[in-house]
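User: Please take a close look at one helix pair in this model. I would like to know how the two helices lie and which residues touch.

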Amino acid sequence: MTLVKSAAQPLAQQLAERFAQRIRSRLLAPGTRLPSVRQCAQQQGVSPSTVVAAYDRLLALGLIEAQKNRGFYTRNQALAPVIQAQAAIENKASGLAVAAQHRAAGALPLDLPPVLPHVPVDAAALIRGMFYAPGGRAQPGMGAFPSEWLASNFMAAALRRFCTTSALNAASLHYGEPAGDVSLREAVAARLNTLGIAAGAGQVITTLGATHALDIISRTLLRPGDCVMVEEPGWAVEFARLDALGMRILPVPRGVEGPDLEVMARMCEQHQPKLFVSVSVFHNPTGYCLSAAHAHRVLQLAHRYAFEVVEDDTYSHIAPDHATRVCALDGLERSIYVSGFAKILAPGWRVGYLAAPPRLVERLLDTKLLGTLTTPALFEKALAWCMTQGQLRRHALQLRTRLDLARSRSVALALQAGCQFAAPPAGLFGWVDTGVDTDKLALRMLDVGYLLAPGALFHANHAPSTLMRINFCTTQDAQFWQVFEAARTEVMRKGL
(Lines give C-alpha, C1' and ligand atoms only; values in the text may rest on other atoms or scores of the structure.)
Protein backbone atom coordinates (compact mmCIF):
# COMPACT_ATOMS: atom_id res chain seq x y z
CA MET A 1 0.00 0.00 0.00
CA THR A 2 1.09 3.58 -0.62
CA LEU A 3 2.74 5.46 2.20
CA VAL A 4 0.68 8.48 3.32
CA LYS A 5 2.02 11.74 4.67
CA SER A 6 0.77 12.17 8.23
CA ALA A 7 1.67 14.46 11.07
CA ALA A 8 1.02 11.58 13.47
CA GLN A 9 3.36 9.16 11.72
CA PRO A 10 6.25 10.32 9.49
CA LEU A 11 6.90 8.49 6.24
CA ALA A 12 10.17 7.03 7.55
CA GLN A 13 8.36 5.54 10.53
CA GLN A 14 5.62 4.07 8.30
CA LEU A 15 8.21 2.47 6.03
CA ALA A 16 10.22 1.12 8.97
CA GLU A 17 7.08 -0.42 10.50
CA ARG A 18 6.17 -2.03 7.19
CA PHE A 19 9.52 -3.84 7.04
CA ALA A 20 9.54 -4.52 10.81
CA GLN A 21 6.17 -6.25 10.66
CA ARG A 22 7.41 -8.58 7.94
CA ILE A 23 10.64 -9.36 9.76
CA ARG A 24 9.02 -9.92 13.16
CA SER A 25 6.51 -12.28 11.57
CA ARG A 26 9.51 -14.21 10.20
CA LEU A 27 8.10 -13.95 6.71
CA LEU A 28 11.17 -12.10 5.53
CA ALA A 29 13.60 -14.85 6.43
CA PRO A 30 17.08 -14.35 7.90
CA GLY A 31 19.54 -13.27 5.23
CA THR A 32 16.94 -11.69 2.96
CA ARG A 33 18.36 -8.67 1.17
CA LEU A 34 16.31 -5.48 1.36
CA PRO A 35 16.03 -3.19 -1.66
CA SER A 36 18.82 -0.68 -2.02
CA VAL A 37 18.11 2.86 -0.82
CA ARG A 38 17.60 4.03 -4.41
CA GLN A 39 15.39 1.06 -5.32
CA CYS A 40 13.28 1.38 -2.20
CA ALA A 41 12.81 5.12 -2.77
CA GLN A 42 11.60 4.43 -6.32
CA GLN A 43 9.26 1.65 -5.19
CA GLN A 44 7.67 3.66 -2.39
CA GLY A 45 7.66 7.06 -4.06
CA VAL A 46 9.67 8.73 -1.29
CA SER A 47 13.03 10.48 -1.08
CA PRO A 48 16.25 8.50 -0.46
CA SER A 49 16.65 10.35 2.84
CA THR A 50 13.33 8.89 4.01
CA VAL A 51 14.56 5.37 3.21
CA VAL A 52 17.86 6.04 4.99
CA ALA A 53 15.95 7.15 8.08
CA ALA A 54 13.73 4.02 7.93
CA TYR A 55 16.74 1.70 7.56
CA ASP A 56 18.50 3.50 10.42
CA ARG A 57 15.47 2.79 12.57
CA LEU A 58 15.54 -0.92 11.64
CA LEU A 59 19.29 -1.04 12.35
CA ALA A 60 18.71 0.46 15.79
CA LEU A 61 16.08 -2.18 16.50
CA GLY A 62 18.48 -4.94 15.52
CA LEU A 63 16.13 -6.20 12.82
CA ILE A 64 18.56 -5.68 9.95
CA GLU A 65 22.30 -5.39 9.46
CA ALA A 66 24.40 -3.45 6.96
CA GLN A 67 27.03 -5.44 5.07
CA LYS A 68 29.81 -3.37 3.55
CA ASN A 69 29.46 -2.94 -0.22
CA ARG A 70 26.53 -5.39 -0.25
CA GLY A 71 23.52 -3.65 1.26
CA PHE A 72 21.04 -4.32 4.04
CA TYR A 73 19.99 -7.81 5.19
CA THR A 74 17.56 -9.18 7.77
CA ARG A 75 19.29 -10.41 10.91
CA ASN A 76 19.85 -14.03 11.93
CA GLN A 77 17.00 -15.49 13.99
CA ALA A 78 19.49 -16.51 16.69
CA LEU A 79 19.13 -12.88 17.81
CA ALA A 80 15.34 -13.17 17.98
CA PRO A 81 14.98 -12.85 21.78
CA VAL A 82 16.97 -9.61 21.79
CA ILE A 83 15.14 -8.31 18.74
CA GLN A 84 11.75 -9.11 20.24
CA ALA A 85 12.59 -7.32 23.47
CA GLN A 86 13.76 -4.26 21.56
CA ALA A 87 10.68 -4.42 19.33
CA ALA A 88 8.37 -4.45 22.36
CA ILE A 89 10.00 -1.30 23.73
CA GLU A 90 9.90 0.40 20.35
CA ASN A 91 6.27 -0.47 19.80
CA LYS A 92 5.27 1.21 23.05
CA ALA A 93 7.34 4.27 22.25
CA SER A 94 5.96 4.74 18.73
CA GLY A 95 2.33 4.00 19.54
CA LEU A 96 1.08 0.51 18.77
CA ALA A 97 -2.44 1.78 18.14
CA VAL A 98 -1.34 3.63 15.01
CA ALA A 99 0.17 0.47 13.52
CA ALA A 100 -2.97 -1.48 14.39
CA GLN A 101 -5.09 1.07 12.48
CA HIS A 102 -2.88 0.70 9.44
CA ARG A 103 -3.13 -3.09 9.58
CA ALA A 104 -6.91 -2.90 9.88
CA ALA A 105 -7.01 -0.62 6.84
CA GLY A 106 -4.78 -3.00 4.89
CA ALA A 107 -1.81 -0.60 4.84
CA LEU A 108 0.50 -3.24 6.26
CA PRO A 109 -0.13 -6.44 4.27
CA LEU A 110 -0.16 -9.58 6.39
CA ASP A 111 -0.19 -12.14 3.58
CA LEU A 112 3.48 -12.00 2.72
CA PRO A 113 5.17 -14.48 0.41
CA PRO A 114 7.30 -16.97 2.33
CA VAL A 115 10.95 -16.66 1.27
CA LEU A 116 13.57 -19.39 1.41
CA PRO A 117 16.86 -18.06 2.74
CA HIS A 118 20.05 -19.37 1.21
CA VAL A 119 21.31 -21.40 4.20
CA PRO A 120 19.74 -22.86 6.19
CA VAL A 121 16.17 -23.40 5.06
CA ASP A 122 13.89 -21.72 7.60
CA ALA A 123 10.89 -24.04 7.95
CA ALA A 124 8.97 -21.77 10.30
CA ALA A 125 9.25 -18.76 7.98
CA LEU A 126 7.74 -20.79 5.16
CA ILE A 127 4.93 -22.35 7.13
CA ARG A 128 3.88 -19.13 8.82
CA GLY A 129 3.19 -17.66 5.39
CA MET A 130 0.40 -20.19 4.89
CA PHE A 131 -1.66 -18.81 7.78
CA TYR A 132 -1.80 -15.10 7.07
CA ALA A 133 -5.18 -13.77 6.07
CA PRO A 134 -5.43 -12.78 2.39
CA GLY A 135 -7.17 -9.50 3.23
CA GLY A 136 -10.42 -10.31 1.47
CA ARG A 137 -8.77 -10.59 -1.94
CA ALA A 138 -8.13 -13.72 -3.99
CA GLN A 139 -4.40 -14.46 -3.73
CA PRO A 140 -2.62 -15.88 -6.80
CA GLY A 141 0.12 -17.50 -4.73
CA MET A 142 -2.07 -19.48 -2.32
CA GLY A 143 -1.60 -23.25 -2.25
CA ALA A 144 -5.15 -24.50 -1.80
CA PHE A 145 -8.70 -24.17 -3.01
CA PRO A 146 -10.50 -21.02 -1.79
CA SER A 147 -12.63 -21.70 1.27
CA GLU A 148 -15.82 -20.82 -0.60
CA TRP A 149 -15.07 -23.62 -3.05
CA LEU A 150 -14.83 -26.16 -0.23
CA ALA A 151 -17.98 -25.11 1.62
CA SER A 152 -20.61 -27.87 1.83
CA ASN A 153 -23.58 -29.03 3.88
CA PHE A 154 -22.66 -32.68 4.18
CA MET A 155 -19.68 -32.15 6.50
CA ALA A 156 -21.91 -30.59 9.14
CA ALA A 157 -24.39 -33.45 8.70
CA ALA A 158 -21.58 -35.96 9.14
CA LEU A 159 -20.43 -34.34 12.38
CA ARG A 160 -23.98 -34.23 13.75
CA ARG A 161 -24.23 -38.01 13.36
CA PHE A 162 -21.38 -38.39 15.84
CA CYS A 163 -22.25 -35.56 18.19
CA THR A 164 -25.12 -37.15 20.03
CA THR A 165 -24.29 -37.59 23.69
CA SER A 166 -23.61 -41.31 23.46
CA ALA A 167 -21.66 -41.11 20.17
CA LEU A 168 -19.62 -38.14 21.35
CA ASN A 169 -18.72 -39.87 24.59
CA ALA A 170 -17.72 -43.00 22.72
CA ALA A 171 -15.45 -41.01 20.40
CA SER A 172 -14.03 -38.55 22.92
CA LEU A 173 -13.69 -40.00 26.43
CA HIS A 174 -10.93 -42.47 25.67
CA TYR A 175 -7.99 -42.69 23.31
CA GLY A 176 -8.88 -43.97 19.88
CA GLU A 177 -7.20 -46.82 18.07
CA PRO A 178 -3.47 -46.15 17.63
CA ALA A 179 -3.56 -46.69 13.86
CA GLY A 180 -6.71 -44.60 13.50
CA ASP A 181 -10.44 -45.20 13.36
CA VAL A 182 -11.06 -48.55 11.69
CA SER A 183 -14.04 -47.27 9.65
CA LEU A 184 -11.85 -44.60 8.06
CA ARG A 185 -8.98 -46.99 7.43
CA GLU A 186 -11.37 -49.39 5.71
CA ALA A 187 -12.79 -46.55 3.59
CA VAL A 188 -9.27 -45.43 2.67
CA ALA A 189 -8.29 -48.97 1.71
CA ALA A 190 -11.33 -49.18 -0.56
CA ARG A 191 -10.38 -45.84 -2.12
CA LEU A 192 -6.82 -47.04 -2.72
CA ASN A 193 -8.08 -50.14 -4.47
CA THR A 194 -9.92 -47.93 -6.99
CA LEU A 195 -6.50 -46.40 -7.76
CA GLY A 196 -4.98 -49.84 -8.32
CA ILE A 197 -3.13 -49.81 -5.00
CA ALA A 198 -3.75 -53.11 -3.19
CA ALA A 199 -3.70 -52.23 0.50
CA GLY A 200 -5.68 -53.57 3.43
CA ALA A 201 -6.93 -51.48 6.35
CA GLY A 202 -4.06 -52.93 8.41
CA GLN A 203 -1.55 -51.15 6.17
CA VAL A 204 -3.20 -47.75 6.66
CA ILE A 205 -2.26 -45.33 9.46
CA THR A 206 -4.21 -42.11 9.89
CA THR A 207 -2.33 -38.88 10.59
CA LEU A 208 -2.84 -35.19 11.31
CA GLY A 209 -2.71 -34.30 7.64
CA ALA A 210 -0.39 -35.38 4.84
CA THR A 211 2.51 -33.32 6.22
CA HIS A 212 2.30 -35.28 9.48
CA ALA A 213 2.41 -38.51 7.47
CA LEU A 214 5.59 -37.35 5.73
CA ASP A 215 7.07 -36.42 9.09
CA ILE A 216 6.30 -39.84 10.58
CA ILE A 217 8.02 -41.52 7.64
CA SER A 218 11.09 -39.29 7.93
CA ARG A 219 11.45 -39.76 11.67
CA THR A 220 11.06 -43.52 11.32
CA LEU A 221 13.37 -44.24 8.40
CA LEU A 222 15.97 -41.46 8.56
CA ARG A 223 18.68 -40.23 10.86
CA PRO A 224 20.42 -36.82 10.78
CA GLY A 225 22.89 -36.71 7.92
CA ASP A 226 21.00 -39.20 5.74
CA CYS A 227 20.49 -38.28 2.09
CA VAL A 228 17.00 -37.74 0.67
CA MET A 229 16.22 -37.21 -3.00
CA VAL A 230 13.52 -34.63 -3.72
CA GLU A 231 12.08 -33.29 -6.94
CA GLU A 232 13.08 -29.81 -8.06
CA PRO A 233 11.16 -27.65 -8.51
CA GLY A 234 9.22 -28.98 -5.57
CA TRP A 235 7.33 -28.23 -2.40
CA ALA A 236 9.27 -25.67 -0.40
CA VAL A 237 7.89 -26.78 2.97
CA GLU A 238 9.14 -30.32 2.34
CA PHE A 239 12.65 -28.99 1.67
CA ALA A 240 12.46 -26.96 4.86
CA ARG A 241 11.09 -29.85 6.94
CA LEU A 242 13.83 -32.25 5.86
CA ASP A 243 16.48 -29.60 6.40
CA ALA A 244 15.18 -28.96 9.92
CA LEU A 245 15.54 -32.68 10.67
CA GLY A 246 19.19 -32.55 9.63
CA MET A 247 18.87 -34.44 6.33
CA ARG A 248 21.01 -33.87 3.25
CA ILE A 249 18.71 -32.77 0.43
CA LEU A 250 19.53 -34.05 -3.07
CA PRO A 251 17.46 -32.17 -5.68
CA VAL A 252 16.47 -34.18 -8.77
CA PRO A 253 15.22 -32.14 -11.76
CA ARG A 254 11.55 -32.90 -12.50
CA GLY A 255 10.52 -33.08 -16.14
CA VAL A 256 7.29 -33.70 -17.97
CA GLU A 257 7.52 -37.52 -17.64
CA GLY A 258 9.07 -37.65 -14.20
CA PRO A 259 12.39 -37.19 -12.40
CA ASP A 260 15.66 -37.03 -14.34
CA LEU A 261 16.67 -40.70 -14.22
CA GLU A 262 20.34 -40.10 -15.04
CA VAL A 263 20.68 -37.64 -12.18
CA MET A 264 18.90 -40.09 -9.86
CA ALA A 265 21.23 -42.91 -10.85
CA ARG A 266 24.34 -40.80 -10.17
CA MET A 267 22.99 -39.71 -6.80
CA CYS A 268 22.25 -43.30 -5.87
CA GLU A 269 25.79 -44.37 -6.75
CA GLN A 270 27.47 -41.48 -4.96
CA HIS A 271 25.28 -40.84 -1.91
CA GLN A 272 23.24 -43.98 -1.11
CA PRO A 273 20.00 -42.05 -0.38
CA LYS A 274 17.44 -43.55 2.00
CA LEU A 275 14.32 -41.95 0.48
CA PHE A 276 12.97 -40.41 -2.68
CA VAL A 277 9.99 -38.09 -2.09
CA SER A 278 7.85 -37.60 -5.18
CA VAL A 279 4.56 -36.05 -6.26
CA SER A 280 3.61 -38.32 -9.14
CA VAL A 281 0.25 -36.83 -10.09
CA PHE A 282 -0.35 -33.08 -10.66
CA HIS A 283 3.10 -32.27 -9.40
CA ASN A 284 3.45 -29.06 -7.39
CA PRO A 285 4.25 -26.58 -8.94
CA THR A 286 4.43 -27.81 -12.55
CA GLY A 287 1.29 -29.92 -12.87
CA TYR A 288 3.26 -32.75 -14.52
CA CYS A 289 2.06 -36.36 -14.21
CA LEU A 290 4.45 -39.31 -14.02
CA SER A 291 4.67 -41.62 -17.03
CA ALA A 292 4.50 -45.39 -16.59
CA ALA A 293 7.96 -45.87 -18.16
CA HIS A 294 9.56 -43.44 -15.72
CA ALA A 295 7.73 -45.02 -12.80
CA HIS A 296 9.16 -48.45 -13.71
CA ARG A 297 12.68 -47.03 -13.93
CA VAL A 298 12.33 -45.29 -10.56
CA LEU A 299 11.26 -48.57 -8.98
CA GLN A 300 14.20 -50.39 -10.57
CA LEU A 301 16.55 -47.89 -8.95
CA ALA A 302 14.72 -48.22 -5.62
CA HIS A 303 15.15 -51.99 -5.58
CA ARG A 304 18.74 -51.84 -6.79
CA TYR A 305 19.89 -49.21 -4.27
CA ALA A 306 17.50 -50.13 -1.43
CA PHE A 307 15.74 -46.82 -0.90
CA GLU A 308 12.04 -46.20 -0.27
CA VAL A 309 9.87 -44.16 -2.64
CA VAL A 310 7.47 -41.88 -0.75
CA GLU A 311 4.62 -40.97 -3.07
CA ASP A 312 2.78 -37.82 -1.99
CA ASP A 313 -0.58 -37.99 -3.75
CA THR A 314 -2.08 -34.90 -2.13
CA TYR A 315 -4.04 -33.99 -5.26
CA SER A 316 -5.44 -37.47 -5.90
CA HIS A 317 -9.08 -36.39 -5.54
CA ILE A 318 -8.86 -33.97 -8.47
CA ALA A 319 -6.76 -36.32 -10.63
CA PRO A 320 -7.85 -39.21 -12.85
CA ASP A 321 -8.00 -42.55 -11.05
CA HIS A 322 -6.08 -44.13 -13.92
CA ALA A 323 -3.09 -41.78 -13.60
CA THR A 324 0.23 -43.58 -13.10
CA ARG A 325 1.12 -44.06 -9.46
CA VAL A 326 4.34 -45.67 -8.26
CA CYS A 327 2.57 -47.45 -5.42
CA ALA A 328 0.13 -49.12 -7.82
CA LEU A 329 2.98 -50.51 -9.94
CA ASP A 330 5.04 -51.48 -6.92
CA GLY A 331 2.31 -53.03 -4.79
CA LEU A 332 3.65 -51.19 -1.71
CA GLU A 333 6.88 -53.13 -1.58
CA ARG A 334 9.47 -50.36 -1.70
CA SER A 335 6.96 -47.53 -1.75
CA ILE A 336 4.84 -45.67 0.79
CA TYR A 337 1.68 -43.82 -0.17
CA VAL A 338 0.72 -40.50 1.44
CA SER A 339 -2.43 -38.44 0.99
CA GLY A 340 -5.05 -36.50 2.91
CA PHE A 341 -8.25 -34.53 2.77
CA ALA A 342 -7.20 -30.97 3.60
CA LYS A 343 -6.88 -29.86 -0.02
CA ILE A 344 -10.22 -31.25 -1.12
CA LEU A 345 -12.53 -31.06 1.87
CA ALA A 346 -11.65 -29.78 5.33
CA PRO A 347 -8.27 -28.12 6.01
CA GLY A 348 -9.23 -27.57 9.65
CA TRP A 349 -9.98 -31.23 10.33
CA ARG A 350 -6.32 -32.17 9.72
CA VAL A 351 -6.96 -35.73 8.57
CA GLY A 352 -4.41 -37.51 6.41
CA TYR A 353 -3.02 -41.01 6.10
CA LEU A 354 -0.22 -43.21 4.87
CA ALA A 355 -0.27 -46.73 3.45
CA ALA A 356 2.90 -48.73 3.90
CA PRO A 357 4.48 -52.14 3.26
CA PRO A 358 3.62 -54.61 6.06
CA ARG A 359 7.30 -54.74 7.11
CA LEU A 360 7.20 -51.02 8.03
CA VAL A 361 3.73 -50.62 9.56
CA GLU A 362 4.66 -51.31 13.19
CA ARG A 363 7.72 -49.04 13.07
CA LEU A 364 5.69 -46.22 11.58
CA LEU A 365 2.93 -46.74 14.12
CA ASP A 366 5.45 -46.54 16.98
CA THR A 367 6.59 -43.16 15.68
CA LYS A 368 3.01 -41.93 15.52
CA LEU A 369 2.40 -43.06 19.10
CA LEU A 370 5.49 -41.26 20.35
CA GLY A 371 4.41 -38.04 18.64
CA THR A 372 0.61 -37.86 19.02
CA LEU A 373 -0.50 -41.11 20.75
CA THR A 374 -3.47 -41.26 18.39
CA THR A 375 -5.58 -39.02 16.16
CA PRO A 376 -9.06 -37.48 16.70
CA ALA A 377 -11.63 -40.25 16.24
CA LEU A 378 -14.56 -37.83 15.89
CA PHE A 379 -13.30 -36.25 12.68
CA GLU A 380 -12.13 -39.59 11.35
CA LYS A 381 -15.55 -41.20 11.88
CA ALA A 382 -17.28 -38.25 10.21
CA LEU A 383 -14.93 -38.39 7.26
CA ALA A 384 -15.43 -42.14 6.87
CA TRP A 385 -19.18 -41.52 6.65
CA CYS A 386 -18.62 -38.86 3.95
CA MET A 387 -16.63 -41.40 1.95
CA THR A 388 -18.92 -44.38 2.32
CA GLN A 389 -22.02 -42.33 1.48
CA GLY A 390 -20.41 -41.05 -1.72
CA GLN A 391 -20.46 -37.44 -0.55
CA LEU A 392 -16.72 -36.96 -0.95
CA ARG A 393 -16.72 -38.42 -4.47
CA ARG A 394 -19.54 -36.13 -5.62
CA HIS A 395 -17.88 -33.13 -3.99
CA ALA A 396 -14.62 -33.93 -5.79
CA LEU A 397 -16.36 -34.20 -9.16
CA GLN A 398 -17.96 -30.79 -8.68
CA LEU A 399 -14.59 -29.27 -7.79
CA ARG A 400 -12.97 -30.81 -10.86
CA THR A 401 -15.61 -29.30 -13.14
CA ARG A 402 -15.30 -25.89 -11.55
CA LEU A 403 -11.50 -26.08 -11.66
CA ASP A 404 -11.49 -26.95 -15.36
CA LEU A 405 -13.46 -23.78 -16.13
CA ALA A 406 -11.27 -21.66 -13.89
CA ARG A 407 -8.12 -23.02 -15.48
CA SER A 408 -9.32 -22.06 -18.96
CA ARG A 409 -10.05 -18.48 -17.88
CA SER A 410 -6.81 -18.13 -15.93
CA VAL A 411 -4.65 -19.45 -18.76
CA ALA A 412 -6.24 -17.03 -21.24
CA LEU A 413 -5.62 -14.05 -18.93
CA ALA A 414 -2.02 -15.09 -18.24
CA LEU A 415 -1.25 -15.38 -21.94
CA GLN A 416 -2.87 -12.00 -22.63
CA ALA A 417 -0.62 -10.53 -19.92
CA GLY A 418 2.44 -11.70 -21.84
CA CYS A 419 3.28 -14.77 -19.72
CA GLN A 420 4.29 -18.17 -21.03
CA PHE A 421 3.57 -21.53 -19.44
CA ALA A 422 6.71 -23.52 -18.68
CA ALA A 423 4.56 -26.64 -18.33
CA PRO A 424 1.21 -27.60 -19.89
CA PRO A 425 -1.53 -26.22 -17.61
CA ALA A 426 -3.01 -29.03 -15.51
CA GLY A 427 -4.34 -29.56 -12.02
CA LEU A 428 -4.58 -26.75 -9.50
CA PHE A 429 -1.39 -24.86 -10.34
CA GLY A 430 0.23 -23.19 -13.32
CA TRP A 431 4.02 -22.83 -13.74
CA VAL A 432 4.37 -19.47 -15.44
CA ASP A 433 7.37 -17.66 -16.92
CA THR A 434 7.08 -13.92 -16.31
CA GLY A 435 10.34 -12.83 -17.93
CA VAL A 436 11.54 -11.02 -14.77
CA ASP A 437 13.01 -11.97 -11.40
CA THR A 438 9.93 -13.09 -9.49
CA ASP A 439 11.49 -12.47 -6.07
CA LYS A 440 11.62 -8.78 -6.97
CA LEU A 441 8.21 -8.95 -8.59
CA ALA A 442 6.71 -10.59 -5.50
CA LEU A 443 7.95 -7.82 -3.24
CA ARG A 444 6.51 -5.19 -5.58
CA MET A 445 3.15 -6.97 -5.82
CA LEU A 446 3.06 -7.36 -2.07
CA ASP A 447 3.07 -3.60 -1.71
CA VAL A 448 -0.20 -3.47 -3.64
CA GLY A 449 -1.76 -6.35 -1.71
CA TYR A 450 -1.10 -9.44 -3.83
CA LEU A 451 0.69 -12.58 -2.61
CA LEU A 452 2.79 -14.31 -5.29
CA ALA A 453 4.65 -17.62 -5.11
CA PRO A 454 8.02 -16.84 -6.78
CA GLY A 455 9.96 -19.59 -8.50
CA ALA A 456 12.90 -19.44 -6.09
CA LEU A 457 10.56 -20.74 -3.41
CA PHE A 458 10.42 -24.11 -5.18
CA HIS A 459 14.19 -24.66 -5.40
CA ALA A 460 16.22 -26.06 -2.53
CA ASN A 461 18.96 -23.47 -3.00
CA HIS A 462 16.56 -20.55 -3.54
CA ALA A 463 18.02 -19.88 -6.99
CA PRO A 464 16.68 -16.70 -8.67
CA SER A 465 13.97 -17.46 -11.19
CA THR A 466 11.67 -15.79 -13.71
CA LEU A 467 9.01 -18.41 -12.95
CA MET A 468 6.14 -18.26 -10.51
CA ARG A 469 3.37 -20.64 -9.46
CA ILE A 470 -0.20 -19.45 -9.85
CA ASN A 471 -3.37 -20.94 -8.44
CA PHE A 472 -5.92 -21.30 -11.22
CA CYS A 473 -8.80 -20.73 -8.81
CA THR A 474 -7.55 -17.33 -7.69
CA THR A 475 -6.20 -15.84 -10.93
CA GLN A 476 -9.42 -15.34 -12.88
CA ASP A 477 -9.60 -11.64 -12.06
CA ALA A 478 -8.55 -9.38 -14.93
CA GLN A 479 -7.73 -6.64 -12.42
CA PHE A 480 -4.96 -8.77 -10.90
CA TRP A 481 -3.35 -9.30 -14.28
CA GLN A 482 -3.51 -5.57 -15.03
CA VAL A 483 -1.72 -4.80 -11.77
CA PHE A 484 0.71 -7.63 -12.51
CA GLU A 485 1.58 -6.19 -15.94
CA ALA A 486 2.21 -2.76 -14.45
CA ALA A 487 4.44 -4.19 -11.72
CA ARG A 488 6.38 -6.35 -14.15
CA THR A 489 6.96 -3.36 -16.43
CA GLU A 490 8.23 -1.38 -13.46
CA VAL A 491 10.63 -4.17 -12.45
CA MET A 492 11.94 -4.41 -16.03
CA ARG A 493 12.29 -0.64 -16.41
CA LYS A 494 13.87 0.15 -13.04
CA GLY A 495 15.67 -3.12 -12.43
CA LEU A 496 14.12 -3.28 -8.94
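Analyst: This is a predicted model. Start with the residues that touch. On one side, K440, L441, R444 and M445 of α19 take part. On the other side, F480, V483, F484, A487, R488, E490 and V491 of α20 meet them. Sorted by class, this contact of α19 with α20 holds seven nonpolar residues, no polar ones and four charged ones.

Now the geometry. Helix α19 covers residues 438-447, and helix α20 covers residues 478-494. Their axes come within 10 Å. They cross at roughly 125 degrees. Angles from 115 to 145 degrees count as oblique, so α19 and α20 are oblique to each other. The crossing of α19 past α20 is right-handed.

Another pair helps as a reference. Helix α13 spans residues 261-271, and helix α14 spans residues 292-305. Here the axes come within 11 Å and cross at roughly 5 degrees. An angle under 35 degrees counts as roughly parallel, so that label fits α13 and α14. In α13, the residues in contact are L261, M264, A265, C268 and E269. Their partners in α14 are H294, R297, V298, L301 and Y305. The classes in this contact of α13 with α14 are seven nonpolar, one polar and two charged.

To sum up the pair you asked about: α19 and α20 are oblique, with a right-handed crossing. Their contact has seven nonpolar and four charged residues.

Definitions and conventions
Residues numbered from 1 in each chain as written. Predicted model: local features only at pLDDT ≥ 70, side-chain atom pairs only at ≥ 80, totals over all residues. Heavy atoms only, no water. Axes fitted to C-alpha atoms, helices over the stretch in contact; angles between N-to-C directions. Helix = DSSP H or I, 4+ residues; strand = E, 2+ residues; numbered from the N terminus. Parallel < 35°, antiparallel > 145°, perpendicular 65-115°, else oblique. Contact = heavy atoms within 4.5 Å. Nonpolar A, V, L, I, M, F, W, Y, C, P; charged D, E, K, R; others polar. Left-handed = near helix turned anticlockwise from the far one by under 90°.
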